[in-house]
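Please examine the sequence and structure shown here before turning to the notes on fold, packing and confidence.

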Amino acid sequence: MSQSKQKFRFSMAAHLFIGSIAIAFFSAVAVAQPPRTDELRPVQISPEQLSVSFAAVAKTVAPAVVSIDTKGKMPEFTTKGEVKPGDSDDVLDFFRRQLPRRPSYSVGSGFIVDKRGYIITNAHVIADAVRITVKLDSGEELLAKVVGEDEETDLAIIKVEAGKDLPFAKLGDSSRSEVGDWVLAMGSPFGLSRSVTAGIISQMNRQTPSTTLFQRFIQTDAAINRGNSGGPLVNMKGEVIGINSQIATSNGDSNGVGFAFPSTEAAVVLDQILKSGKVRRGYLGVSLESVKREFARVYGIKDAKGAIVLEVSDPKSAAGLAGLRSGDVIVEFDGKPVESALDLIAKVSATPPDQSVALFYLREVGTVMERKATTLRLNERPVDPKTGADGPGPVKLPLNRVNEDVRPFGLTLTEVTPDLATLYKLEGQKGLLVKEINPESYIADVKLSNGVDALGEGDLIQKINRVAVTDVKSFTAMVSKLKSGDPVVMQILTFNARTRTAQVRIVQFSVQ
């Protein structure tokens, strides 16, 4: 982790305060079972053998691991007060009140991936740096320049000119790694260069509170601390399978929950930056939600797979020109089945912009979902697309008090008045506004596929189980007919506080 940039706590740097992490240890009494002929017996490795393996891996990779020292920009000139020259009887008092301007310094890690001096690290390690100094394993210090950065994955490529070939580490295939595999984390925690810690892979494809659409981490209990950011996570073959990026912590230091960005995805970023100086990703121009079993049951879809189109951002986007519209369910992209919204995003972003691809989707026609096909030409993903998911949350509307005592699903609902329709540009929109959500109701715990609360105060419910919502009475009547276990799919409009615009969401859950 970058040692001095505390603003990144968990998201992009040193650490994040997430509260105390309680770990419960359970022991189980083994029950004797008859031997099975197909049972796999664990490989017996002695502590001595494991120690030798650790040492061999460390010696192999260590020459490629570097420490990165950065000097930040000079802060703006400030004073401790509003005193100006002449305001004080003591002229020197003015100067004593000036806060000294000192540049910021931080320490991170990285590793060489090419003999020509190309180095992978985290983008937050070099953020706002005016000077980057790389210290090699040999002790030699060299100035580095930035080749390219990718904010979506928090990766950066920098380069040093050593005048000779440098030792480099090999990027392995992180997709072959499994929970329980031994790994080593290497880097410069707290500025202590050439540090090595050991642990196992705790989980794969882990999300964190600050995860972007393109970040799914390898979780490990190998100690990762401030200053480890950008260093390699290495398997027992001496291959780099991850870039140490984040930690979850209650005190700022390692609690045995660290996160490394997978090497397989890092290799794609590295290749694109070396070729063009930036990362280009394909882009459809839609907002999406994953198909869950409730949606599949309500809409008569055989498998709970696919990505629901919530909105098409621009009629001139790839999706807009192809004729996609809200409510379509994308089930196949470029000849490959779509498992979920995240799966589709990954497939689209991995496809070069301007490439034409075939796409299959389901569209509601009457009472059936018809399978349709189209071919579209991908756009280039914007660097920072402004979507509702990035906003601070729904606006709490000044709702009226019509029928607000009715609480189906634990929701206090109210009908849209002409004044509200004019104020929030909802002319022509029909539905019920959510005034309040009972925190003890199960609907308060329903999440979208990205972990965000599915429903919020101020949302407009437009449909429930394919039927348009017209008033509180009819909505309550529909809900009263549902029994435990029945699927519920609601289409809602949620209001973005930043853009003051409404965006479509699909809420899926089962009655409890």
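The briefing that follows covers overall make-up, nonpolar cores and model confidence.

This is a predicted model in which local features need pLDDT of at least 70, side-chain atom pairs count only at pLDDT 80 or more, and totals for chains, interfaces and linings use all residues. Residues are numbered from 1 along each chain as its sequence is written, and side-chain values use heavy atoms, with hydrogens and water left out.

**Overall make-up**
- The protein contains 26 strands and eight helices (DSSP runs, E of at least two residues for strands and H or I of at least four for helices, numbered from the N terminus).
- Of its 512 residues, 46% are buried, meaning under 20% relative accessible area with a 1.4 Å probe, protein chains only.
- Among contacts (heavy atoms within 4.5 Å) with a separation of 6 or more, 65% join residues 24 or more positions apart.

**Nonpolar cores**
- The largest nonpolar core (buried Ala, Val, Leu, Ile, Met, Phe, Trp, Tyr and Cys residues joined through side-chain atoms within 4.5 Å) has 45 residues, and Val-134 and Ile-158 touch the most other members.
- Strand 6 (residues 155-160) gives the most to this core, contributing five residues.
- Beyond four places in sequence, the residues touched by Val-134 include Ile-68, Ile-119, Leu-142 and Ile-158.
- A second, separate core of 23 residues includes Ile-443 and Ile-492.

**Confidence**
- Mean pLDDT (the predictor's confidence in each residue, from 0 to 100) is 78, and 75% of residues reach 70 or more.
- Among the elements, strand 3 (residues 118-122) has the highest mean pLDDT, 95, and helix 2 (residues 91-96) the lowest, 48.
- Over residues 4-38, pLDDT stays under 50.

Conventions
Buried < 20%, exposed > 50% of the residue type's maximum accessible area, 1.4 Å probe, protein only.
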